[in-house]
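Student: I should like to learn how to read the features of a protein model in an orderly way. Could we begin with the fold and then turn to single residues?

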Amino acid sequence: PSATSNPLNAVMKVLGGHLMKYSRQYDGVAISIISPKLLQPSAGIISDQPYIHFAVTSKFLVFSPPIGSKLVGVVHHIGFD
C-alpha cells in the first residue's frame with residue numbers, strides 16, 4: 001500500500017535489487033534497467049498476500065561475456081556476495 005502514490009518508483013526499487021549480481025536467469029550480471037513501464041494503470045491484490053502486484057515490462061543491460069574471452073581491467077573493489 002505504501003507504493004500506491006508512486007508505483008513505478010516502488011517497482012524500480014524491487015528491480016534494482018537484481019542489479020550488479022549474477023543471475024542464472026539472465027546468464028550474466030544485470031548492469032542497468034532500461035525503459036521500465038507499468039502495463040496497467042492499477043494494481044491487483046492476490047488472495048491473502050500483503051503485496052500489490054503490478055504488471056511491468058523493461059529491458060536489462062546484461063554483462064555476459066563468452067566463456068574463454070579475456071577481460072582487461074583493474075580491480076578496484078572486491079565484494080563479499
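Tutor: The discussion below goes from the fold to the sheet, and then to individual residues. Please keep in mind that this is a predicted model.

Student: Which elements does the chain contain, and in what order do they run from the N terminus?

Tutor: The chain has one helix and three strands. Read from the N terminus, these elements follow the order α-β-β-β.

Student: How are the three strands arranged in the sheet?

Tutor: One reads a sheet by asking which strands are partners. Here the three strands make an open sheet, ordered S1-S2-S3, with antiparallel pairing. Strand S1 (22–23) and strand S3 (56–63) each have a single partner strand and therefore stand at the edges, with one side of each lacking a neighbour in the sheet.

Student: How many bridges join S1 to S2, and how many pair S2 with S3?

Tutor: S1 and S2 run antiparallel and are joined by two bridges. Strand S2, residues 28–38, pairs with S3 over seven bridges, again in the antiparallel sense.

Student: Which residues are partners across these pairings?

Tutor: Between S1 and S2, Ser23 has Gly28 as its bridge partner. Between S2 and S3, Ile33 is the bridge partner of Phe60, and Leu38 stands opposite Val56.

Student: What links S1 to S2?

Tutor: The two strands form a hairpin, with four residues between them. In that turn, Asp27 has a positive phi of about 55°.

Student: Where does helix H1 lie with respect to the strands?

Tutor: An angle between axes takes the N-to-C direction of each element into account. Helix H1, residues 7–16, lies across S2 and S3, and H1 runs at about 165° to S2.

Student: How should I read the overall dimensions of the chain, and what is its radius of gyration?

Tutor: One compares the radius of gyration with the value expected for a compact globule. For 81 residues that value would be near 12 Å, whereas this chain has 17 Å. Along the principal axes, the C-alpha atoms fill a box of roughly 50 × 25 × 20 Å.

Student: What share of the residues is buried, and what does the exposed surface consist of?

Tutor: Buried residues account for 11% of the 81 residues. The chain exposes about 6900 Å², of which carbon and sulfur atoms supply 59%.

Student: What part of the contacts joins residues that are 24 or more positions apart?

Tutor: Of the contacts with a separation of 6 or more, 46% are between residues 24 or more positions apart.

Student: How far apart in space are Thr4 and Ala43, and how far apart are His76 and Ala55?

Tutor: Separation in sequence and separation in space should be read side by side. Thr4 and Ala43 are 39 residues apart in sequence, with their C-alpha atoms 8.6 Å apart. His76 and Ala55 are 21 residues apart in sequence, with a C-alpha to C-alpha distance of 38 Å. Thr4 belongs to the segment before H1, and His76 to the segment after S3.

Student: Are Thr4 and His76 buried or exposed?

Tutor: The threshold for exposed is over 50% relative accessible area. Thr4 counts as exposed because its relative accessibility is 54%. His76 is likewise exposed, at 75% relative accessibility.

Student: Why does Ser23 count as buried?

Tutor: Buried means under 20% relative accessible area. Ser23 has 15% relative accessibility, so this residue counts as buried. Ser23 is placed in strand S1, and the side chain of Ser23 reaches the backbone nitrogen of Gln25 at 3.2 Å.

Student: What is notable about phi in Met20 and Ser35?

Tutor: Most residues other than glycine have a negative phi. Met20, however, has a positive phi near 60°, and Ser35 has a positive phi near 55°.

Student: Where do Met20 and Ser35 lie, and how accessible are Met20 and Ser35?

Tutor: Met20 sits in the loop between H1 and S1 and is exposed, because its relative accessible area is 59%. Ser35 is found in strand S2; with a relative accessible area of 46%, Ser35 is partly exposed.

Definitions and conventions. Residues numbered from 1 in each chain as written. Predicted model: local features only at pLDDT ≥ 70, side-chain atom pairs only at ≥ 80, totals over all residues. Heavy atoms only, no water. Pairing = 2+ DSSP bridges. Contact = heavy atoms within 4.5 Å. Axes fitted to C-alpha atoms, helices over the stretch in contact; angles between N-to-C directions. Rg over C-alpha atoms; globule rule 2.2 N^0.38 Å. Buried < 20%, exposed > 50% of the residue type's maximum accessible area, 1.4 Å probe, protein only. Areas by Shrake-Rupley, 256 points an atom, 1.4 Å probe, with all protein chains shown as cover. Polar contact = N/O pair within 3.5 Å; in protein donor to acceptor, adjacent residues only side chain to side chain.
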